[in-house]
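Reader: I would like to learn how to read this model, feature by feature. Where do we begin?

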Amino acid sequence: LVTWVDHRPFGGLVGADGVKVGPGVPPIKTEDGWLLIYHSVRKTEGSERFTYDPDQEVFHQGDTGDKAFVIVEGDADVIIETVDGPRKIVSIKRGELFGELALLCDASRTATIKAATSLTVMSISKELFLKLIAEDAEMGARVTRAVAERLERTTRERRDGLRALNL
């Protein structure tokens with residue numbers, strides 16, 4: 001949805017199907033004024049909307065992964081089990097994808113995801129997720145980039161941890 005006036009999305013803040021509509025990319029200055037681009041998240045075949053209270057788990061490390069998720073609203077913590085107990089490694093926020101690694105690798109969940117605030121997510125079934133990345137090269141590239149960034153961060157953190165232990 002695009003609007004050139006009043007800084008409001010076309011049709012108000014709720015889409016015709018009752019799904020929240022909000023700002024997308026930052027405003028873009030043009031010759032005609034500021035271009036505001038809005039997005040909405042809607043349920044499609046192979047997806048479902050879930051809401052979680054703070055501290056409620058979305059899934060647990062070791063669970064079977066049958067869907068990925070996109071955060072629609074709120075924040076979540078990524079927690080891994082260590083020999084010293086659970087450890088929060090990162091927080092994720094609106095617009096971020098999680099849970100895709102289990103779908104790509106046919107593996108169990110590598111971390112626990114817990115709502116840090118009130119959290120709304122949209123699930124994406126494995127079938128839909130694999131279809132989307134197969135048919136949309138840009139989406140496939142974004143998923144690949146996200147997984148690579150996580151791998152780089154994890155490798156860096158482990159390397160820094162080993163240096164701190166003089167290993």
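Author: With the naming of elements. Helices and strands are DSSP runs, numbered from the N terminus. On that basis, threonine 110 is found in the loop between H1 and S11. Keep in mind that this is a predicted model.

Reader: How many helices and strands does the protein have?

Author: Three helices and 12 strands. Buried residues make up 28% of the 167 residues. Among contacts with a separation of 6 or more, 67% join residues 24 or more positions apart.

Reader: Back to the loop. Which residues is threonine 110 in contact with, leaving aside its neighbours within four places in sequence?

Author: Contact means heavy atoms within 4.5 Å. By that test, threonine 110 is in contact with Gln61, Ile80 and Leu101. There is also a backbone distance to read. The C-alpha atoms of threonine 110 and glycine 62 are separated by 6.3 Å. Along the chain, these two residues are 48 residues apart.

Reader: Now the sheet. What is the order of the strands in the open sheet of four?

Author: The order is S5-S12-S7-S10, with antiparallel pairing. The edge strands are S5 (47-52) and S10 (97-98), and each pairs on one side only.

Reader: How many bridges join each pair of neighbours in that order?

Author: Take them in turn. S5 and S12 (residues 119-125) pair over six bridges. S7 and S12 are also joined by six bridges. Two bridges join S7 to S10.

Reader: Which residues can I use to check the register?

Author: Use one residue pair for each strand pair. Threonine 51 has threonine 120 in S12 as its bridge partner. Lysine 67 stands opposite serine 125 in S12. Valine 70 stands opposite leucine 97 in S10.

Reader: How far apart are the C-alpha atoms of serine 125 and lysine 67?

Author: They are separated by 4.4 Å, with the two positions 58 residues apart along the chain counted as their separation. Serine 125 lies in strand S12.

Reader: Is serine 125 buried or exposed?

Author: Buried means under 20% relative accessible area. Serine 125 has 17% relative accessibility, so this residue counts as buried. Its side chain has a polar atom 3.1 Å from the backbone nitrogen of leucine 128.

Reader: Which helix lies across strands S7, S10 and S12?

Author: Helix H2 (residues 126-135) lies across S7 (67-73), S10 and S12. H2 runs at about 75° to S12.

Reader: What other strand pairs should I look at?

Author: Look at S8 (residues 76-82) and S9 (residues 85-92). They pair in the antiparallel sense over seven bridges. S8 and S9 form a hairpin with two residues between them. For the register, the bridge partner of alanine 76 is isoleucine 92 in S9. S8 also pairs with S11 (residues 112-115), antiparallel, over four bridges. There, isoleucine 79 stands opposite threonine 112.

Reader: Next, aromatic rings. How do I describe a pair?

Author: A pair of aromatic rings is described by the distance of the centres and the angle of the planes. Rings pair if their centres lie within 6.5 Å. The count here comes to five aromatic pairs. Phenylalanine 59 and phenylalanine 69 form a tilted pair, with 6.0 Å centre to centre and 35° between the planes.

Reader: Which parts does the pair of phenylalanine 59 and phenylalanine 69 tie together?

Author: Phenylalanine 59 lies in S6 (residues 57-59) and phenylalanine 69 in S7, so the pair ties together parts that are 10 residues apart in sequence. Both phenylalanines are buried. Ring pairs link Phe50, Tyr52, Phe59, Phe69 and Phe98 into a cluster.

Reader: Which residue lies over the face of phenylalanine 59?

Author: Arginine 109 does, at 3.9 Å from the ring centre.

Reader: One last residue. Is glutamate 100 buried or exposed?

Author: Glutamate 100 is buried, with a relative accessible area of 0%. This residue is found in helix H1 (residues 100-105).

Reader: Leaving aside its neighbours within four places in sequence, which residues is glutamate 100 in contact with?

Author: Glutamate 100 is in contact with Ala68, Phe129, Val143, Val147 and Arg150.

Key:
Residues numbered from 1 in each chain as written. Predicted model: local features only at pLDDT ≥ 70, side-chain atom pairs only at ≥ 80, totals over all residues. Heavy atoms only, no water. Pairing = 2+ DSSP bridges. Axes fitted to C-alpha atoms, helices over the stretch in contact; angles between N-to-C directions. Phe/Tyr/Trp six-rings, centres within 6.5 Å; stacked < 30°, edge-to-face > 60°. Buried < 20%, exposed > 50% of the residue type's maximum accessible area, 1.4 Å probe, protein only. Lys NZ or Arg CZ within 6 Å of the ring centre and 35° of its normal. Polar contact = N/O pair within 3.5 Å; in protein donor to acceptor, adjacent residues only side chain to side chain.
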